[in-house]
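Visitor: I'd like a close look at one part of this model, the packed interior. Could you walk me through it and through the parts that border it?

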Amino acid sequence: MSDTTIAAIPDVESVPRAASSSNLRQGVLLINLGTPDAPTASAVRTYLAEFLADPRVVEIPKLVWMLILHGIILRIRPAKSAALYKQVWTDAGSPLLDISERQQAKLASQLQAEGHDVSVHLAMRYGSPSIESVTQNMLEKGVRQLLVLPLYPQYSGATNGSTFDALGEVLRKTRWIPDVRFISHYHDFTPYIDAVAGSITEHWATHGRADKLIFTYHGIPKRYLTAGDPYHCECYKTSRLVAEKLGLGKEEYMVTFQSRFGREEWLQPYTDHTLKSLPEQGVKSVQMICPGFSADCLETIEEIGIENRDYFLEAGGKRYEYIAALNAQPEHIAALESLIEKNLGGWECPERDSQLSAELATAMGSDK
């Protein structure tokens, strides 16, 4: 018999214990795209290096793309983008981060007011606060049921899919993985559709209607669509549902795609090309709305609010209006709260259940 030494098994009481299931807590993790830490070339370079290195965002062979990214793009684009960020930066910092934090705070308050024992946290897919740091913090605080809500209504592999990848990387390194629910899209969720339609109606009440309502969404390469990405279809469905809610005919609105990058074909029609051509077709006034953005950011404030406005007016247009994103409007918060409540449904929560049982026992005792 070999002389084998068997390691002593530690006493059970000396082993560190994970959070008990009796202390189960639910957590909601809101995730948006991200933003540079400052409107400087250095900060933008750091942000773009992370964002554009994501293989879900740019589907080009890695070696080829890294040479292009670090050899050309990150040498030229940061300074130009930083100048644009300076135009939209506020005393509160990045509009996207500021608005997202207000959404988080209002949702946390509203959910607690409705009796949900749930913590609400915010992370950014790129930049700070990171998905890894926020998720680890939630787990350390005892969250055992994790509901993840990427704030992209329409699904795309480049956004929602990438967010799932990042979360998976964090959980892959986690010893005790929590129960996880991931909301991959909400492009046709009725309260969201109602909120978008309501914001347009409110704008009309103050400013009247324009010749054309344009739903503009962030573009993606066309080959992503042909590869099976549902984003294009979901953008059109959102637009159709909102238009139906508003009672619009097909000739009264249209869908376009903005923010293309590089030389390959992206989803069409392009927003900038469309705005340059509409005045000669007799469309002299337009109202723009971006239902794919849950919060105003560089792409809405500068690109749609300023750059594309100039294209339209220079082409002969007379009136151009941007209808702000839903941001932290009460209707938007109510829609997100409804979405969260729907997806929390059916999850047992011992803390809340035991509290309700105690309250019920007390109530029954008082009736005797």
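Guide: Here is a tour of the interior, going from the core to the helices, the spaces and then the odd backbone spots.

Keep in mind that this is a predicted model. The largest nonpolar core has 46 residues, and Leu149, Ile200, Leu213 and Phe215 have the most contacts inside it. Helix α6 gives the most to this core, with 7 residues. There is also a second, separate core of 19 residues, with Tyr47, Val58, Trp65 and Leu74 among its members.

Let's zoom in on Leu213. Setting aside residues up to four places away in sequence, Leu213 touches Ile200, Trp204, Leu246, Leu248, Glu252, Tyr253, Met254, Gln287, Ile289 and Ile323. Two of the names in that list, Gln287 and Ile323, turn up again around His203. His203 sits in α6, which runs over residues 190-207. What does His203 contact, leaving aside its neighbours within four places in sequence? The partners are Gly208, Gln287, Glu321, Tyr322 and Ile323. His203 counts as buried because its relative accessibility is 14%, and the cut-off for buried is under 20%.

Helix α6 also helps to cover another helix, α11. With 15 residues (330-344), α11 reaches 21 Å from its first C-alpha to its last, close to the 21 Å expected at 1.5 Å a residue. Which residues of α11 are buried? They are His332, Ile333, Ala335, Leu336, Glu337, Leu339, Ile340 and Leu344. If you want to think about the spacing in that list, recall that an α-helix has 3.6 residues a turn, so residues three or four places apart point the same way. The cover over the buried residues of α11 includes β1 (25-34), α3 (95-113), β3 (143-150), β4 (179-182) and α6. Just past the end of α11, Gly346 takes a positive phi of about 90°.

Now follow the cover over to α3. Its end C-alpha atoms are 27 Å apart, which agrees with the 27 Å that 19 residues should span at 1.5 Å a residue. In α3 the buried residues are Pro95, Leu96, Asp98, Ile99, Ser100, Gln103, Leu107, Ala108 and Leu111. Those buried residues pack against β1, α2 (62-88), β2, α10 (298-314) and α11. So β1 shows up on both counts, since it is part of the cover of α11 and a packing partner of α3. After α3 comes Gly115, whose phi is positive, near 90°.

On to the empty space. How many cavities of 30 Å³ or more does a search of the whole structure find? It finds 1. About 80 Å³ of space lies in the largest cavity. Of the 13 residues that line it, the closest to its centre are Val196, Cys290, Pro291, Phe293 and Leu326. The lining divides into 11 nonpolar, 2 polar and no charged residues.

For contrast in chemistry, take the second largest pocket, with a volume of about 190 Å³. Its lining divides into 5 nonpolar, 2 polar and 5 charged residues. Among the lining residues are Glu50, Arg125, Glu132, Glu169 and Lys173, as well as Met124, Tyr126 and Val170. Strand β2 (118-126) and helices α4 (131-140) and α5 (157-172) each supply at least two residues of that lining.

A few backbone spots deserve a look before you run anything on these coordinates. As background, most residues other than glycine have a negative phi, and most peptide bonds are trans. Ser128 and Pro129 are joined by a cis peptide bond with omega of about -5°, and Pro129 is in the loop between β2 and α4. Another cis peptide bond joins Gln268 and Pro269, with omega of about 5°. Pro269 lies in the loop between β6 (253-258) and α9 (271-277).

That loop between β6 and α9 also holds Ser259, which has a positive phi of about 65° although it is not a glycine. Ser259 is buried, with a relative accessible area of 16%. Asn327 has a positive phi too, about 50°, and is not a glycine either. You'll find Asn327 in the loop between β8 (319-323) and α11, and it is buried with a relative accessible area of 13%.

How values were computed. Residues are numbered from 1 along each chain as its sequence is written. This is a predicted model: local features need pLDDT of at least 70, side-chain atom pairs count only at pLDDT 80 or more; totals for chains, interfaces and linings use all residues. Side-chain values use heavy atoms; hydrogens and water are left out. On a 1 Å grid over the protein atoms alone, a cavity is a set of points where a 1.4 Å probe fits but cannot get out, and a pocket is an open set with protein on both sides within 12 Å along at least five of seven lines; lining residues have an atom within 4 Å of a point. Grid points are joined across faces, edges and corners, and a volume is the space filled by probe spheres set on the points. Ala, Val, Leu, Ile, Met, Phe, Trp, Tyr, Cys and Pro count as nonpolar, Asp, Glu, Lys and Arg as charged, and the others, Gly among them, as polar. Helices (H or I, at least four residues) and strands (E, at least two) are DSSP runs, numbered from the N terminus. Buried means under 20% relative accessible area, exposed over 50%, partly exposed in between (1.4 Å probe, protein chains only). Contact means heavy atoms within 4.5 Å. The expected span of a helix is 1.5 Å times one less than its number of residues. A nonpolar core is a set of buried Ala, Val, Leu, Ile, Met, Phe, Trp, Tyr and Cys residues joined through side-chain atoms within 4.5 Å.
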